[in-house]
Amino acid sequence: MNIQFKKGVLDMCVLAMLREKDSYGYDIADSLSKKIMLADGTVYPILRKLAADGMVSTYLMESQNGPPRKYYHLTESGKNTLEEYIKDWEEFNKVVTGIIGGQDIE
Amino acid sequence: MNKKEYLDLLSKELGALPYNDVKEITDEIDAHFEMAKQEGKSEEQISDDLGDVHELAKSYINCTPYKLPQVLKDKEPKKKSSTWAKIFSIAICCVAVPITCLWVWFDVGLATKIIASSSVFVLRLTNFGNYGAYKFAVIMNQIGSIFYVIFLGCLLYFGIRLLIAAGKKFIRFNRKLWTRGF
C-alpha cells in the first residue's frame, strides 16, 4: 500500500486504538504495524508527538515480567480530536470514493 | 544490527535534541527490544522490524515541538544598517543630486553649442561666394570651427559616459549603505 496513504491516517489510528483501553508502546506498535504493514518504529515518534500535544498522557505500570511499562491514555482533548478526525475522514472518504468511482458528488 | 548498535546510532542521530529527550526516546526503543525478545525474536530481527534508524530519528526530530538551535536553520544573522549609515546616505544624496543637475546642464549647454557652431559652419560654406576679400579669414575660421566642434563633441561624449558610470556606482554604493550599513 502507498506509504503516503498510511502516513496521513496514522495519528487517527493510534488515537482510535487507545479509545477502548490504555495501552503500552510495544502493544500499539506491534498490532498496528501488523495491520497496516509498517515498520515497527513508525508508531513511537507519533506517540511522542501526541503526548507533547496533550492528546495522550503517560504513566508507568508494573508488569509481571520485565521492567515497568509506559502506558498511554487518551485524554479529553485526544477524544475530541479523534471525533474530528473520524468525521473528516468519513467526509473525505466519501468524496474520494465518488471521484475515483467517476460519480458526480452534488 | 544488534540492540546496542541500533540504540547508539539512534542517540547519535538525535544529537540535536536535548539530552532528556534522547534518553526518553532510547529508553522506549530499548523497552521495545526487551518486549520483542520475550516473544522469541532476535535482536537483528527486531532492528530490521523497527525500520531504518535514520528514518526513525528523522521522524522523532520532526515530531519534536522544541526549536532546534538557530545554527541549523540560518547561516549567520544579516548585518543591520545603523541610523548613522542612513543619515550619511541621505547626506551624500543631497550633495550628489545638485552635482548631477549641474553636470546635465553643462552637457546640454555643450550640445547646444555644437549644434550652433555646426549650423554656422554649414551656412558659411553655402554663402562662401559672397565673402569677397574676407575669403582667407573665413577659410581659417572654418578650419578652427572643425577642431572646436570636434573638441566639444569629445567633451560631451565623455561627459555623458562619466555621468552614467558614476551614477550607477553611486546608486549601488548608496543602496548598500542604506540596507547594510558601513
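These legends describe close-up views of salt bridges in a predicted model.

**View 1. Lys3(B) and Glu34(B) pair across two helices****.** Their closest N and O atoms are 2.6 Å apart, forming a salt bridge (a side-chain nitrogen of Lys or Arg within 4 Å of a carboxyl oxygen of Asp or Glu). Lys3(B) sits in helix 1 (residues 3-13) and Glu34(B) in helix 2 (residues 19-38), so the contact ties together parts 31 residues apart in sequence. Helices are DSSP runs of H or I, at least four residues, numbered from the N terminus. Lys3(B) is buried at 17% relative accessibility; Glu34(B) is partly exposed at 28%. Buried means under 20% relative accessible area, exposed over 50%, partly exposed in between (1.4 Å probe, protein chains only).

**View 2. A network of salt bridges includes this pair****.** Lys3(B) and Glu34(B) are linked with Asp30(B), Lys37(B) and Glu43(B). Over all chains, the salt bridges number 16.

**View 3. Lys23(B) meets Asp27(B) within helix 2****.** The N to O distance in this salt bridge is 3.1 Å. Four residues separate the partners, about one helical turn. Lys23(B) is partly exposed at 38%, and Asp27(B) is partly exposed at 39%.

**View 4. Glu55(B) bridges to Lys58(B) in helix 4 (residues 53-63)****.** The closest N and O atoms lie 3.5 Å apart. The two are three residues apart, about one helical turn. Glu55(B) is partly exposed at 43%; Lys58(B) is partly exposed at 48%.

**Notes.** Residues are numbered from 1 along each chain as its sequence is written, and chains are lettered from A, ligands numbered from 1, in the order written. Local features need pLDDT of at least 70, side-chain atom pairs count only at pLDDT 80 or more, and totals for chains, interfaces and linings use all residues; side-chain values use heavy atoms, leaving out hydrogens and water.
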